[in-house]
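Biologist: Please pick one spot in this model and take me through it closely. Then work outward and place it in the rest of the chain.

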Amino acid sequence: MNSFKSPFRSPLFWRLLIFFCIANLLVLVLGSWLTSRFIAFSAEQGVDWPVLAQAAEDAYDNGGLAGLDTWAQQQHAEGIEATLYENGVPLRDIHLPGPMRDSLPQWLATGHSIELNPFPGFYMAVEPVTGNDGHARQLVGLSSSRARIPRHMREKILLGVQLGLSLLLIGGIGWWVARSVSRPVEAMRNATRNMAAGKFATRVDRRWTDAHDELGQLARDFNGMAERIEILVAHDRGVLQDLSHELRSPLARLHLILDLAQHSADPKEAEAHFKHAEREIARMDRMTAEMLALSRLEGGLPGMECESVDVADLARERLNAAKVEAEARGVQLHAVDSAPVTVWGSGILLERALDNVIANAIKFSPAEGQVDVSVAKHDGQVEVRIRDHGPGVPAEELGSLFRPFFRGTNAVHANGHGLGLTIVQRVMQVHGGDVTARNAEGGGLEIIMRLPPDNGLDHA
């Protein structure tokens, strides 16, 4: 089966991608803004209009219009447009924005120094100066912060600012993202260590399991696994305690029987004790075999061989096999005619499950009683119903019938170890089915086993 999952469906992928994009966007926006502010500040601090006016006048005094033109070209290279005005007339052409060109005659008429900053990064000045010939002239200059700093210098400044911001923002956001990932991982690692140390009640804190991403799902899966392990360990401990209790009684009886045989007055009396001891040993042997079978089922039966099994035919076969036991107790076995219904599973395990339920039904049936067996499809499942006409089970004990070593109040004096129905339940579970018990109308206990039908699909 192809387990590939597109990364675009991953919440954690989108989280990391969005944070990365936000970091780059912030670097771009903040870098551009800081660079423009830095350039504007540098330009504002660097223009000395009175000195510039005197330099223009000196160039005009020494070189005339040609000298002024050369000086203006030098200033143009540094991002400043300037010229001298005499009697309100420019000595060389200069391009002024429309509103400033309209207002310029008024500013020149005042005869004072004027510095304007009509909008950020743009400066205009009118500066009076007196030439060597005694004539009053006025410098009119324009300066733009972008124009004053060469293009290659602006690019270097922008690159430097963006590099610095990249280190700062990506480092900060990266730290935050790494922390948001590492903290739940650390919580799961601590929980795993506690589980390994035998603290099976350990769970990952809810603040990590509530996250709607892969880490949250992983934490929820861990808690599910931990809960399952805790239940299994508690179950195994309970089974071990029950097994210890069940083995203690026959071992004590065996010890007493052997002691009586050892102190018997004659061989005939000793022989009776030895036969009793043999029955106790056989009983423990059967119980051990059932425990091994249950243990194999709990372990998942690796390598279980499956095939298509006709359950109706198998039920009739097991009823025939149980005839001897039923006849010995005077119980009639009645099978309802059923059409073939097949399931995919282990014939050996299904045979054992049927044997256990049929043997229980015979055991608890009254003399001259009857055991009814039917196999049919119901609600898309294969149902096997086995009913006796015995005393049934108290309603409060029905839910415990499939618990290991449980023996109901009506079975205290019957033979058995309380493992038969537990094995039946495990067999149903490994086949994807289930088993329930209920008191039938008119008396008696009915066991209902449900299995998924074999639909003829490829089981490989």
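Modeller: Start with A72, which lies in helix α2, residues 49–77. Keep in mind that this is a predicted model. Is A72 buried or exposed? Its relative accessible area is 3%. The cut-off for buried is under 20%, so A72 is buried.

What does A72 touch, once its neighbours within four places in sequence are left aside? The contacts are I80, A82 and R92. Take A82 from that list. A72 and A82 are 10 residues apart along the chain. Their C-alpha atoms are separated by 6.2 Å. A82 falls within β1, which spans 80–86. I80 belongs to that strand too.

Follow β1 to its end. The loop between β1 and β2 (89–90) holds N87. N87 has a positive phi of about 60°, yet it is not a glycine. Most residues other than glycine have a negative phi. N87 has a relative accessibility of 73% and therefore counts as exposed. Put the two positions side by side: A72 is buried, whereas N87 is exposed.

Another positive phi sits far along the chain, at E368. The angle there is about 65°, and E368 is not a glycine either. E368 is found in the loop between α11 and β9, the latter spanning 370–378. Its relative accessibility is 67%, so E368 counts as exposed.

That loop leads back to α11, residues 347–364. This helix has two packing partners to look at. Two packed helices are described by the angle between their axes and the distance between the axes.

Take α9 as one partner, residues 311–321. The axes of α9 and α11 come within 10 Å and cross at roughly 50°. The two helices are therefore oblique to each other. The crossing is right-handed. On the α9 side, the meeting residues are L314, A315, E317, R318 and L319. On the α11 side, they are G347, L350, E351, L354, D355 and I358.

The other partner is α12, residues 420–430. Here the axes come within 9 Å, and the crossing angle is roughly 145°. α11 passes α12 in a left-handed crossing. α11 contributes L349, L350, R352, A353, N356, V357 and N360 to this contact. α12 answers with G420, L421, I423, V424, V427, M428 and V430. L350 takes part in the contact with α9 and also in the contact with α12.

Now the annotated spans. The unreviewed UniProt entry gives "transmembrane region" for residues 12–34 and 157–178. Residues 12–34 are 100% helix and 0% strand, with end C-alpha atoms 32 Å apart. Residues 157–178 are also 100% helix and 0% strand, with end C-alpha atoms 31 Å apart.

L168 offers a link between those spans. It sits in helix α5, residues 151–196. L168 and A23 are 145 residues apart along the chain, and their C-alpha atoms are separated by 9.7 Å. At 60% relative accessibility, L168 counts as exposed.

Last, the whole protein. The secondary structure comes to 12 helices and 12 strands. Of the 460 residues, 37% count as buried, and A72 is one of the buried residues. Among contacts between residues at least 6 apart in sequence, 65% join residues at least 24 apart. The accessible surface comes to about 27100 Å², and 57% of that belongs to carbon and sulfur atoms.

Technical notes
Residues are numbered from 1 along each chain as its sequence is written. This is a predicted model: local features need pLDDT of at least 70, side-chain atom pairs count only at pLDDT 80 or more; totals for chains, interfaces and linings use all residues. Side-chain values use heavy atoms; hydrogens and water are left out. UniProt positions are given in the numbering used here, feature names are shortened, and annotations may be inferred rather than shown by experiment. Helices (H or I, at least four residues) and strands (E, at least two) are DSSP runs, numbered from the N terminus. Buried means under 20% relative accessible area, exposed over 50%, partly exposed in between (1.4 Å probe, protein chains only). Contact means heavy atoms within 4.5 Å. Accessible areas come from the Shrake-Rupley method with a 1.4 Å probe; for residues, only the protein chains shown count as cover. Axes are lines fitted to C-alpha atoms, for helices over the stretch in contact, and angles run from 0 to 180 degrees between N-to-C directions. Angles under 35 degrees count as roughly parallel, over 145 as roughly antiparallel, 65 to 115 as roughly perpendicular and the rest as oblique. A crossing is left-handed if the near helix is turned anticlockwise from the far one by less than a right angle, and right-handed if clockwise.
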